[in-house]
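Subject: Structure for your review

Dear colleague,

Please find below the structure that I am handing over to you. A written account of the findings follows it.

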Amino acid sequence: MALLLERHEVEGLLDMKEAIEVTEAAFVEQGRGRVLSQAPAFLHVANGSLRVVMGALLEGKLLGARVGRARGFEKGSNIAVICDLETGELLAVMSYPFGRFRTGATVGLATKFLSRRDAEVVGLIGTGRSAMGLLEGVMCVRPVKKVKVYSRDPDHRNRFAERAATALGISVSPCSHPTEVVQASDILLVATNSKVPVFDTEAMKPGLHVNSMGRPSELDTGVYRRADLTVVGDKVQELNLDVTRGFTQPLHQLKEENGFWERVLELGDVVCGRGGRKDERQITVFRESQGGWGDVALAQWVLTRARKLGLGREVSF
C-alpha cells in the first residue's frame with residue numbers, strides 16, 4: 001500500500017530552514033558517493049514540455065522521481081513518486097509544491113559553504129517564480145541587509161522589489177542595469193531563461209559568490225574562467241543536460257580546457273570538507289543542477305511528517 005497525499009495535505013509541512021537541513025544531509029550522501037543521478041528527461045510537444053527528474057539515495061534506501069511541466073501549459077502541477085530501493089515497493093504518490101524549497105535550500109546550502117561569512121548584500125538577476133525562494137534560502141544562512149534586483153521588465157522588477165521588501169523585511173532596490181547589481185553584490189543570484197549571458201564578467205569583484213540556477217546560457221565561459229572555484233550540484237546532470245532547445249552549456253564548452261572539469265567540485269565534496277573557499281578575495285561560482293535525489297530527500301521528509309499527522313490515504317495500485 002502507498003500513501004496518496006493531495007496538495008492541501010502537504011502544503012505547510014515544510015519550511016526553508018527544514019529544507020536546508022534535509023538538503024545538507026542529502027549532499028552528505030552525495031559526498032560519500034551514495035547517490036544515483038540522471039539528467040532530466042523531457043518530452044516536448046507543440047505547446048509545452050513534460051519533465052521527469054529521477055534519483056536515488058543509497059544510504060536512505062530510497063529512489064523516486066519528480067514529474068511536472070517544464071514550460072508552456074497554462075495549468076499543471078508537480079507530483080513526486082517514492083519507492084523503497086531494496087524492494088521496489090511504492091511508498092507514496094504526492095503532490096509536490098516544493099520546487100522553491102528545493103532550489104532555495106540548495107542555493108542556500110551552497111551559499112553557506114561558499115560565500116564570505118560577512119556577506120550582506122545580495123544581487124538578484126531575474127524575478128521569476130524561483131526568485132523569492134532563492135532569497136529566502138540565502139537569508140537563512142547569511143546576515144543579509146539589502147538586496148539589489150534587476151530584470152528586463154522595469155514594471156516587473158519594481159513590483160517584485162516592493163513585494164520582496166514587504167515579505168522579507170529588508171531593503172530591496174530595483175536597478176536599471178545588471179552591472180549595477182553585480183558590482184554591489186557579495187552574493188549574486190542569477191535565475192533567468194536567457195539564451196545569452198546576462199551580465200558582464202568584468203563587473204565581478206573579488207570575494208563575490210555567484211549562484212546560477214536558470215538556463216546554463218545565462219552565464220558565459222568567462223564567469224567560470226575568472227572563478228577561483230566552480231562547484232555544481234551534480235556533475236552527471238550538468239554533463240548530460242538537454243541542450244537541444246536553443247541554449248548553450250558553457251560547462252560543456254570548458255570541459256576539455258586545461259583540465260577544467262577535473263577541478264570542478266560537486267557540492268557534496270564541499271559539504272564533506274573536500275574543498276571550498278580559501279580566502280576572502282576568491283570568486284566562487286555554484287551552478288545549481290536540477291534535482292532528482294534532492295527531491296526524493298524532501299519528499300521523504302514530508303511523507304514521514306504526513307504519516308505522523310495521519311494525513312493522506314492508503315491506496316493500492
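I begin with one residue pair: Leu-4 stands opposite Arg-313, a residue of strand β16. Please note that this is a predicted model.

**Strands**

The pair just named belongs to the contact between strand β1 (residues 2-5) and strand β16 (residues 313-315), which pair in the antiparallel sense over three bridges. Strand β1 is also joined by three bridges to strand β7 (residues 90-95), and here the two strands run parallel. In this second contact, Leu-5 is found opposite Met-94 of β7.

Elsewhere, eight strands make up an open sheet with parallel pairing, in the order β10-β9-β8-β11-β12-β15-β13-β14. Its edge strands, β10 (171-174) and β14 (265-266), each pair on one side only. Strand β13 (residues 229-232) runs parallel to β14 and is joined to it by two bridges. Within β14, Glu-266 is the bridge partner of Val-232.

**Aromatic pairs**

A search of the whole structure gives four aromatic pairs. In one of them, the ring centres of Phe-27 and Trp-293 are 4.8 Å apart and the planes stand at 75°; an angle over 60 degrees counts as edge-to-face, so this pair is edge-to-face. Phe-27 belongs to helix α2 (residues 16-31) and Trp-293 to helix α12 (residues 293-309), so the pair ties together parts that are 266 residues apart in sequence. Buried means under 20% relative accessible area. Phe-27, with a relative accessible area of 5%, is therefore buried, and Trp-293, at 3% relative accessibility, counts as buried too.

Tyr-224 and Phe-260 form another pair, with ring centres 6.5 Å apart and planes at 75°, so it is edge-to-face. This pair links distant parts of the chain, with Tyr-224 in helix α7 (residues 221-226) and Phe-260 in helix α10 (residues 260-263), 36 residues apart. Tyr-224 counts as buried at 2% relative accessibility, and Phe-260 is buried with a relative accessible area of 7%.

Ring pairs also join Tyr-96, Phe-98 and Phe-101 into a cluster. Arg-100 lies over the face of Phe-101, at 4.4 Å from the ring centre. In a further case of this kind, Lys-235 lies over the face of Trp-261, at 5.0 Å from the ring centre.

**Empty space**

Rolling a probe the size of a water molecule over the atoms shows where empty space is left. How many cavities of 30 Å³ or more does the structure hold? There is one, and the largest cavity holds about 110 Å³ of space. Thirteen residues line the largest cavity, and Phe-27, Arg-102, Glu-288, Gly-291 and Trp-293 lie nearest its centre. Helices α2, α3 (99-114) and α12 are the elements that give two or more residues to this lining. By class, the lining of the largest cavity has two nonpolar, eight polar and three charged residues. Phe-27 and Trp-293, named here among the cavity residues, are the partners of the edge-to-face pair described above.

The second largest pocket holds about 160 Å³ of space. Its lining consists of Lys-112, Phe-113, Leu-114, Ser-115, Arg-116, Arg-117, Arg-142, Arg-277 and Glu-280. Six of the residues in this lining are charged, two are nonpolar and one is polar.

Yours sincerely

Note on methods: Residues numbered from 1 in each chain as written. Predicted model: local features only at pLDDT ≥ 70, side-chain atom pairs only at ≥ 80, totals over all residues. Heavy atoms only, no water. Phe/Tyr/Trp six-rings, centres within 6.5 Å; stacked < 30°, edge-to-face > 60°. Helix = DSSP H or I, 4+ residues; strand = E, 2+ residues; numbered from the N terminus. Buried < 20%, exposed > 50% of the residue type's maximum accessible area, 1.4 Å probe, protein only. Lys NZ or Arg CZ within 6 Å of the ring centre and 35° of its normal. 1 Å grid on protein atoms, 1.4 Å probe; cavity = no way out; pocket = protein on both sides within 12 Å on 5 of 7 lines; lining within 4 Å. Points joined across faces, edges and corners; volume = space filled by probe spheres on them. Nonpolar A, V, L, I, M, F, W, Y, C, P; charged D, E, K, R; others polar. Pairing = 2+ DSSP bridges.
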